[in-house]
Amino acid sequence: MSGKSMRLENKVAIITGAASGFGEGMAKRFAEEGARVVVADLNAKGAKRVADEIGEAAIWTQTDVSLRSEFDEMVYAAKSAFGRVDIMVNNAGFTHRNGDMLKVDEETFDLITSVNMKAIYHAALAVVPIMERQGGGVILTTASTAGLRPRPGLTWYNASKGWAITATKSMAVELAPRNIRVNCLCPVAGETGMLEKFMGADTPEIREAFRASIPLGRLSTPLDIANAALWLASDEAAFITGVALEVDGGRCI
């Protein structure tokens, strides 16, 4: 191992939706760069698996991000295990199946707004006071290219991600005097549990049509997203706040 210092050394990161997909990629990549990680997910079995694979630098919590009380429990677990919270990654997400906007039922709509929007509010209430006492911190949200370049078929999901991007920018300005940086990632579709819903159905033809819309010719991977998140969370991005970073192979151009 070289003498180069790790980019998240002595940092503590909470990552929601970390039992699979982009969140799992972030948790493992952050740990490789020295972070201690709270792997939070509604899927307890998956969260435990990811934390176990990381080792002593990680703990896991079963967390429903739609509930403020569960955020408080998650933050308490982080502080009990590691003493502080430096990085909050709002990565948990939910979508409806690609299709007619009028056929999305109200229960699904409410779940999308709770997970993709209200959870950002819960996270801010839970971690901003802690970060302020510590002298600063980083809040990072997984938004989507859908929030920047919405296409038909995912209207309510697209709208929730547009909300997340606007919240990110407004939070960044308001929290800057407290030395809390706030950014979001806008990934194009990738190999995650939500891919089939994004596409409407999973066939070779539909996958090929999705790939053809991305100039670099492939879907995103958890590592693509994790590397972008790592940079934004690190001190290398100390002057970066309020950014919606496209991680999309050129999709939004």
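Which strands does helix H5 lie across? In this predicted model, helix H5 lies across strand S5 (137-142), strand S6 (180-187) and S7. Helix H5 runs at about 160 degrees to S6. Let's look at the sheet these strands belong to, and then at the pockets.

## The sheet

Seven strands form an open sheet, and their order is S3-S2-S1-S4-S5-S6-S7. The pairing in this sheet is parallel. Find S3 and strand S7 (244-247) at the edges: each has a single partner strand, so one side of each is left without a neighbour in the sheet. On average, with direction ignored, neighbouring strands of the sheet are turned by 20 degrees against each other.

Now zoom in on one edge. S2 and strand S3 (residues 58-62) run parallel and are joined by five bridges. To get from S2 to S3, the chain crosses through helix H2 (residues 44-54), and this β-α-β crossover is right-handed. You can also pick out single residues here: Asp-41 has Gln-62 in S3 as its bridge partner, and Val-39 stands opposite Trp-60 in S3.

Another helix to look for is H3 (residues 68-82), which packs on the sheet. Helix H3 touches strand S1 (12-16), S2, S3 and strand S4 (87-90). The direction of helix H3 makes about 160 degrees with that of S3.

## The pockets

Rolling a probe the size of a water molecule over the atoms shows where empty space is left. Here are two pockets side by side.

| Pocket | Volume | Lining | Classes in the lining |
|---|---|---|---|
| Largest pocket | about 1100 Å³ | 47 residues | 22 nonpolar, 18 polar, seven charged |
| Second largest pocket | about 200 Å³ | 15 residues | four nonpolar, six polar, five charged |

Which residues of the lining lie nearest the centre of the largest pocket? They are Gly-93, Tyr-157, Thr-192, Met-194 and Phe-198. Several elements each supply at least two residues of this lining: helix H1 (21-32), strand S2 (36-41), helix H4 (106-134), helix H5 (155-175) and helix H6 (195-199). Two of these elements have already appeared above: H5 lies across S5, S6 and S7, while S2 is joined to S3 by five bridges.

In the second largest pocket, the lining residues that lie nearest the centre are Lys-11, Gly-136, Gly-137, Val-138 and Asp-235.

Conventions: Residues are numbered from 1 along each chain as its sequence is written. This is a predicted model: local features need pLDDT of at least 70, side-chain atom pairs count only at pLDDT 80 or more; totals for chains, interfaces and linings use all residues. Side-chain values use heavy atoms; hydrogens and water are left out. On a 1 Å grid over the protein atoms alone, a cavity is a set of points where a 1.4 Å probe fits but cannot get out, and a pocket is an open set with protein on both sides within 12 Å along at least five of seven lines; lining residues have an atom within 4 Å of a point. Grid points are joined across faces, edges and corners, and a volume is the space filled by probe spheres set on the points. Helices (H or I, at least four residues) and strands (E, at least two) are DSSP runs, numbered from the N terminus. Ala, Val, Leu, Ile, Met, Phe, Trp, Tyr, Cys and Pro count as nonpolar, Asp, Glu, Lys and Arg as charged, and the others, Gly among them, as polar. Two strands pair if DSSP finds at least two bridges between them. A crossover is right-handed if, with the strands pointing away from the viewer, the path from the first strand over the helix to the second runs clockwise. Axes are lines fitted to C-alpha atoms, for helices over the stretch in contact, and angles run from 0 to 180 degrees between N-to-C directions. Contact means heavy atoms within 4.5 Å.
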